[in-house]
Amino acid sequence: MKVVILAGGLGTRISEESSVRPKPMIEIGGRPILWHIMKIYSAHGFNDFVICLGYKGYVVKEYFSNYFLHMADVTFNMEGNRMEVHRETAEPWRVTLVETGASTNTGGRLKRVAPYVANEPYFALTYGDGVSDIDITALKAFHEGHGKLATVAAVRPPNRFGVLDIDDQSQVLSFREKPVNEVGWINGGFFLLSPKVIDLVEGDATIWEREPLETLAGQRQLNAFYHEGFWQPMDTLRDKNYLEERWASGKAEWKVWS
């Protein structure tokens, strides 16, 4: 199963970091969040990645072109112009980096990589800025079982805000953290898709989360895989710091690999 990762957005809500690199290259624990996402899939045996580049895509290219320098001990023999790798820890990944346009929307990026997934019975699609302990193997089995064109992981959003109960005199009657079961389900960004769904994308301006997904839902071709576990996007610096704290404390729920 190929895994398509959307990694070309501007990341304007985390501009403190994204002004110098694309959001998927913002580091958690000294590794880009893109690496963490790939490790999640790799833990379930999925190692063939198609990464949709856009904003500052060259940073992603440089990272993978120098992957051994990031992940291994090396000796440079300057006189002989040779590099010797001593301790190799690289993963068995096949990574295809595709330039999908600096201003292309999410649906358009998917359409641009259609040739790379056209012969697959189905493929995975996810965003390059969120992590989870989702069971990809169970997601795959669920998708194969229902026979529809698309599956989306349904998750609970993080409880970021407390709930205020206020009367008509503007007095706060109570304050409480909002229970998860009051929030509802949202798009968790982990999809399994038939290549046929790409036909629903008109062009670069198409937003995947609008017409294509709305059409699939209207045709009853989109099923939800419920994930009750950990899920966290990295939309803001606050989110980034939260993930960094989880990693540093050894409590990173999304670290499903050994």
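Helices (H or I, at least four residues) and strands (E, at least two) are DSSP runs, numbered from the N terminus. With that in hand, here are the close-up views of this predicted model.

**Figure 1. The protein chain as a whole.** We start with the overall setting for the close-ups. The predicted model has nine helices and 15 strands in its protein chain. The chain counts 258 residues, and 43% of them are buried. If you take the contacts between residues at least 6 apart in sequence, 73% of them join residues at least 24 apart. About 13200 Å² of the protein chain is exposed, with carbon and sulfur atoms supplying 49% of that area.

**Figure 2. The largest pocket and its lining.** The volume of the largest pocket is about 780 Å³. Thirty residues line this pocket, and those nearest its centre are Lys 23, Thr 106, Tyr 127, Asp 129 and Asp 235. Two or more lining residues come from each of β1 (2–7), α5 (106–112), β8 (123–127), β13 (186–193) and β15 (231–233). Strand β13 gives the largest share, with four residues. By residue class, the lining divides into ten nonpolar, 14 polar and six charged residues.

**Figure 3. An aromatic pair that starts from strand β13.** Among the 14 aromatic pairs in the structure is the one formed by Phe 191 and Trp 208, which meet edge-to-face with 5.8 Å from centre to centre and 80° between the planes. Phe 191 sits in strand β13, while Trp 208 belongs to the loop between β13 and α8 (211–218), so the pair ties together parts that are 17 residues apart in sequence. Both partners are buried, Phe 191 as well as Trp 208. Strand β13, the home of Phe 191, is also the strand that gives the largest share of the lining of the largest pocket.

**Figure 4. A cluster of rings.** Here the view turns to a further group of aromatic residues. Trp 35, Phe 230, Trp 247, Trp 254 and Trp 257 are linked by ring pairs into a cluster.

**Figure 5. Two residues with positive phi.** Lys 56 is not a glycine, yet its phi is positive, at about 50°. You will find Lys 56 in the loop between β4 (48–53) and α3 (57–65), where its relative accessible area of 22% makes this lysine partly exposed. Asn 81 is the other residue in this view, with a positive phi near 55°, and Asn 81 is not a glycine either. The loop that holds Asn 81 runs between β5 (73–77) and β6 (82–87). Asn 81 counts as exposed, with 72% relative accessibility.

**Figure 6. Lys 240, a buried lysine in a helix.** Lys 240 is part of helix α9, which covers residues 237–248. Is this lysine buried or exposed? Its relative accessible area is 13%, so Lys 240 counts as buried; the cut-off for buried is under 20%. Apart from neighbours within four places in sequence, the residues in contact with Lys 240 are Ile 14, Glu 17, Ile 26, Glu 27, Ile 28 and Met 234.

**Figure 7. Gly 9, in the loop after strand β1.** Gly 9 lies between β1 and α1 (15–18), in the loop that joins them. This glycine is partly exposed, at 39% relative accessibility. Which residues touch Gly 9, leaving aside its neighbours within four places in sequence? They are Tyr 55 and Arg 109. Look for Ala 102 as well: 93 residues separate Gly 9 and Ala 102 along the chain, while their C-alpha atoms are 7.7 Å apart.

**Figure 8. Val 95 and its contacts.** Strand β7 (residues 94–99) holds Val 95, which counts as partly exposed at 28% relative accessibility. Not counting residues up to four places away in sequence, Val 95 touches Met 38, Phe 49, Ile 51 and Phe 64. For Ile 51, the C-alpha separation from Val 95 is 7.3 Å, with the two positions 44 residues apart along the chain.

**Figure 9. Pro 233 in strand β15.** The last view shows Pro 233, a residue of strand β15, and β15 is among the elements that give two or more residues to the lining of the largest pocket. Pro 233 is buried, with 10% relative accessibility. Its C-alpha atom is 8.6 Å from that of Ser 132, although Pro 233 and Ser 132 are 101 residues apart along the chain.

Terms used. Residues numbered from 1 in each chain as written. Predicted model: local features only at pLDDT ≥ 70, side-chain atom pairs only at ≥ 80, totals over all residues. Heavy atoms only, no water. 1 Å grid on protein atoms, 1.4 Å probe; cavity = no way out; pocket = protein on both sides within 12 Å on 5 of 7 lines; lining within 4 Å. Points joined across faces, edges and corners; volume = space filled by probe spheres on them. Nonpolar A, V, L, I, M, F, W, Y, C, P; charged D, E, K, R; others polar. Buried < 20%, exposed > 50% of the residue type's maximum accessible area, 1.4 Å probe, protein only. Contact = heavy atoms within 4.5 Å. Areas by Shrake-Rupley, 256 points an atom, 1.4 Å probe, with all protein chains shown as cover. Phe/Tyr/Trp six-rings, centres within 6.5 Å; stacked < 30°, edge-to-face > 60°.
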